[in-house]
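Here is a quick tour of a two-chain model. Have the structure open and follow along.

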Number of protein chains: 2
Amino acid sequence: MTDNHASHGRKRPTGRRTGDSGTRDAILDAALGLFAEAGYDGASVRAIAARADVDPALIRHFFRDKDTLFATAVADRTTIPQRLAASFEGSPDTLGHRFADTYLRLWEEPETRPILLALVRSSTTSAHAAQMLWETLGSQLNASESATHDDQMRRLALAASHLFGLAFARHVVRLPPLVAADHDTLVEQVAPVIQTYLT
Amino acid sequence: MTDNHASHGRKRPTGRRTGDSGTRDAILDAALGLFAEAGYDGASVRAIAARADVDPALIRHFFRDKDTLFATAVADRTTIPQRLAASFEGSPDTLGHRFADTYLRLWEEPETRPILLALVRSSTTSAHAAQMLWETLGSQLNASESATHDDQMRRLALAASHLFGLAFARHVVRLPPLVAADHDTLVEQVAPVIQTYLT
DNA sequence: TGAAGAGTTCCTCAGCTGTAGAGTTCTTTC
DNA sequence: GAAAGAACTCTACAGCTGAGGAACTCTTCA
């Protein structure tokens, strides 16, 4: 078989390439994509290298080990916590709608979607990934100054878990009724509930 | 090293044992437990055999392959769909409470809990497991005759996904505010929302 | 110009994976 | 009492895994 790391290319010359190859970024893109599709365990270093059309040893060179690669891929360029926090600013009357809209939109956009999928797919078997998921999606829960009492904390967590369950059912398990619905319809239907939990 | 399949036992005699060894059940128990902890991919046939204190080849003998073992372990002795369906019978006024209570209780009981954990932990990477999860937890969605319109189907799915998200956050990600709360408090707080969705 | 170092290739290692076959002993059936 | 089959053991295979080392080439900077 002699797969030779890159599916199509044959016998590339050894040594450094001239100019600025975007190798590091290519690896990060491939890694995020594969982590999103297969989870931490399912995405092998070799498969990531193959998708990036790169020698597996380069991954080790740039990111020491797989764990660091994962952390870098999901954490490096994300503004998810900031966007969630930002949705809390504004009139309390429409907070439920803003929060639901922001939260669910993160699962639709091509930049943030693979990050969330990677976190979720990995979180079920890796406690480390579960914690990262929580820190990413639940950060506004710690940040929110209004949530000082146990009951308020719990209500916030209920709101977040509702939205999370919705996203999970829609994008991971792919529940037909939820896949069929469009974003705005879902936001509209969920917003009142979130509003109730949060206020 | 020479692990020799069973951690402590040394050189057991070959051939069939006399009497009725509960080997098959021991394997199923060990399998369900490991699938619940590590997911489908994370639970190796050898590890399951070791936990059951049994030769790995016996798994192949009883259950052809790993997939069949998984299906048998999660599907063989569960009454989850029935219990969920049963919660739909009774006064419509308290449907939300009954459904939430039944649903969340399934995650607490030692008989059903590992089944759900195994399904969830496996569903994120295996489409097959995701479908089984959906058939298990969403069966009442298909069954319910009242849900003929798209909107009603979606509302049912929203209710289910809310409860699922809550259970996931509580038992898999282990969100502190949700772990701290006790079952009845959660049911009480969630029931009105479920009731709204369902009616 | 020369040395340091970053980017790149190939090869190797020990360990684990699911599956498979062949042989031994007990139980059941005729 | 003999034959069939179920329960059980050990050993093997081919493939994949993450990690690591050695060597080569280009770039950068003194």
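## An exposed arginine in a loop

One thing to keep in mind from the start: this is a predicted model. Begin with A:Arg64, which counts as exposed because its relative accessibility is 64%, and the cut-off for exposed is over 50%. To find A:Arg64, look in chain A at the loop between helix H3 (56–63) and helix H4 (66–75).

The backbone here deserves a look too. Most residues other than glycine have a negative phi. A:Arg64 isn't a glycine, yet its phi is positive, near 45 degrees.

## A partly exposed aspartate in chain B

Now hop over to chain B. B:Asp53 sits in the loop that runs between helix H2 (45–51) and helix H3 (56–63) of that chain. Phi of B:Asp53 is near 55 degrees, again a positive value in a residue that isn't glycine.

Is B:Asp53 exposed or partly exposed? Its relative accessibility is 26%, so B:Asp53 counts as partly exposed: that class lies between the 20% limit for buried and the 50% limit for exposed.

## How the two chains pair up

Zoom out to both chains. A turn of 180 degrees, with a shift of 0.0 Å along the axis, lays chain B on chain A with an RMSD of 0.1 Å. The two copies are therefore related as by a two-fold rotation axis.

Which residue of chain B comes closest to the rotation axis? That's B:Gly165, with its C-alpha at 1.8 Å.

As for the interface, 100% of the interface residues of chain B are also interface residues in chain A, so the copies meet through the same surface.

Notes: Residues numbered from 1 in each chain as written. Chains lettered and ligands numbered in written order. Predicted model: local features only at pLDDT ≥ 70, side-chain atom pairs only at ≥ 80, totals over all residues. Heavy atoms only, no water. Helix = DSSP H or I, 4+ residues; strand = E, 2+ residues; numbered from the N terminus. Buried < 20%, exposed > 50% of the residue type's maximum accessible area, 1.4 Å probe, protein only. Least-squares fit on C-alpha atoms with pLDDT ≥ 70 in both. Contact = heavy atoms within 4.5 Å.
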